[in-house]
Amino acid sequence: MAPEPSPARLHVVTGKGGTGKTTVAAALALALAADGGSVLLVETEGRQGIAQLFDSPPLPYEERRVAVARGGGVVKALAIDVEEALLDYLDMFYNLRRAGRALRKMGAIDFATAIAPGLRDVLITGKVKEAVTRRKDGRQVYDAVVVDAPPTGRITRFLGVTGEMSQLARSGPIKTQSDGVMAVLRSPQTAVHLVTLLEDMPVQETADAIAELQAAGLPIGSVVVNMAAEQVLPAAALARAATGELTGADLAPGLAAATLPGGDELADALAAEVVEHARRWAAQDALRDEVEALGRPTLELPLLPGPMDLGCLFELAGRLEDHLRTSGATGVPA
C-alpha cells in the first residue's frame, strides 16, 4: 500500500544540530516517492549533505535526479544557491536577470545578503514555494517537496521572515510574492517535522521550537526520534543490567553450553555490552514521556550500525512509509 493522499505537499524537516535531520529529510523524500511519486528534496544550508548521502557529485543549482524509489518513484534534489535564486526573483517579477548578473559581477548580491541576512531566507523560501506550486500541462510538477531546513533554533525565523517583509511592503510585487509564500507556509499544504534524539537538550529544544512555531501560526507535523536504542532484551533483564548487576559469570554457563570459544574474557565483554545497552535504553526511556507530552504524532528511527549509505536510507524510508500511512501522511491530526 502506498501512503494515502494528503493535503500536505511541503514537508519542512528541522532539528537540533547533530540529530540527523538531513538523513531524515532524505529518507522522507524516498518514502514519499514510493509507488511512483515525484519528489523534490531541497537543501538550504549549502553543506552538500544530500549529495554525500546519495553518493553523488556536489549538487548544482538545478533539479537533478538522485534516486529512484520503490515502484519507480523519482527523487530529485536541489541545492539552493542564493545568488541564482535572486537572479530568478529579479527575472520573474522585474524582468531584470541581465541587470542581476551585472550586480553579481560587482559583488552587490554578496553585499546585500551580508548586510540583510534575512534576505537569504526570503529568497530560499520563495524558491521552495515556487517548486511547490509549479505546474506543467495543468498538473503539479511535484507530488511533494521536502526541505532540509535550518536547525530548530532558527526555524521559526527562517519560515516567518517573509511575513515580516510582507508587512514592510504595502503593495507591489514584493508584497504579492511575500503574501504568496506565507499563504503556502501557513496552509494545510505544509507540515513542519522536528527531528530529535532521546537526550535532554534536543528534547527541550524540540519543545521550544514547537511552542514558537505554534505562536507563529505555522503547521506542525510529526516528531521523529532519531537514532533510538531498540529494546533487545525483556524489561526485567534490561532493568537488572542497567543497575550493573549483570556480570560475565552470569553469561559464562550459557556460552559454555553453546560451545562458544572465548571463555571468561568473552563473557565479560558481552556483559559489558549488555550493561551499556541497558543503561542507554534506560536513559532514553526516561525521556519518552517528555516526547509524548509534546502532543505530536511520533516515530522512532533506530540507530543503524556502520556508516549511513543508500541501503540505510531505504531502511529508514520503509519505516517512514508506515508512519505516513498511520498518521495521515502529514503527522497532522485531522
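# Reading the calls in a predicted model

The side chains of Thr22 and Arg47 make a polar contact, at 3.0 Å. This is a predicted model.

User: What makes the pairing of the Thr22 and Arg47 side chains a polar contact?

Analyst: The distance is 3.0 Å. The cut-off for such a pair of N or O atoms is 3.5 Å. The pair is within it, so the name applies.

User: Why is Thr22 called buried?

Analyst: Its relative accessible area is 10%. Buried means under 20%, so Thr22 qualifies.

User: Which residues is Thr22 in contact with, leaving aside neighbours within four places in sequence?

Analyst: Arg47, Gly49, Ile50, Leu53 and Asp148. Contact here means heavy atoms within 4.5 Å. Thr22 itself belongs to helix H1, residues 21-33.

User: How do you know that the span of H1 agrees with its number of residues?

Analyst: H1 has 13 residues. The rule is 1.5 Å times one less than that number, so the expected span is 18 Å. The end C-alpha atoms are 18 Å apart, which agrees.

User: What makes H1 mostly covered?

Analyst: The count of buried residues: 13 of its 13. Each is under 20% relative accessible area.

User: What stands out about the phi of Asp35?

Analyst: It is positive, near 65°, and the residue is not glycine. Most residues other than glycine have a negative phi. Asp35 follows H1 and lies in the loop between H1 and strand S2 (38-43).

User: Is Asp35 buried, exposed or partly exposed, and why?

Analyst: Partly exposed. Its relative accessibility is 41%, and the class runs between 20% and 50%, so Asp35 falls inside it.

User: Where does Asp137 lie, and what is its phi?

Analyst: Asp137 is in the loop between strand S5 (135-136) and strand S6 (139-140). Its phi is near 55°, again positive in a residue other than glycine.

User: Why is Asp137 called exposed?

Analyst: Its relative accessibility is 74%. Exposed means over 50%, so the call follows.

User: How do you know that Gln284 counts as buried?

Analyst: Its relative accessibility is 6%, under the 20% limit, so it is buried. Gln284 is placed in helix H12 (residues 263-292). Beyond residues up to four places away in sequence, Gln284 touches Leu198, Met227, Ala228 and Ala229.

User: What makes Met201 exposed?

Analyst: A relative accessibility of 59%. The threshold is over 50%, so Met201 passes it. Met201 sits in helix H9 (residues 200-215). Its C-alpha atom is 8.7 Å from that of Lys16, though the two are 185 residues apart along the chain.

User: Why is the charged end of Arg288 said to sit over the ring of Trp281?

Analyst: The charged end is 4.3 Å from the ring centre. The distance limit is 6 Å, so that part is met. The definition also asks for an angle within 35 degrees of the ring normal. The angle for Arg288 is not quoted here, but the pair is listed as sitting over the ring.

User: How many aromatic pairs does a search of the whole structure find?

Analyst: It finds 0. Ring centres would have to lie within 6.5 Å to pair.

User: What does the chain come to overall in helices and strands, and what share is buried?

Analyst: There are 13 helices and 10 strands. Buried residues make up 46% of the 334. Among contacts between residues at least 6 apart in sequence, 73% join residues at least 24 apart. The chain exposes about 16,100 Å², with carbon and sulfur atoms supplying 56% of it.

Note on methods
Residues numbered from 1 in each chain as written. Predicted model: local features only at pLDDT ≥ 70, side-chain atom pairs only at ≥ 80, totals over all residues. Heavy atoms only, no water. Helix = DSSP H or I, 4+ residues; strand = E, 2+ residues; numbered from the N terminus. Buried < 20%, exposed > 50% of the residue type's maximum accessible area, 1.4 Å probe, protein only. Areas by Shrake-Rupley, 256 points an atom, 1.4 Å probe, with all protein chains shown as cover. Polar contact = N/O pair within 3.5 Å; in protein donor to acceptor, adjacent residues only side chain to side chain. Phe/Tyr/Trp six-rings, centres within 6.5 Å; stacked < 30°, edge-to-face > 60°.
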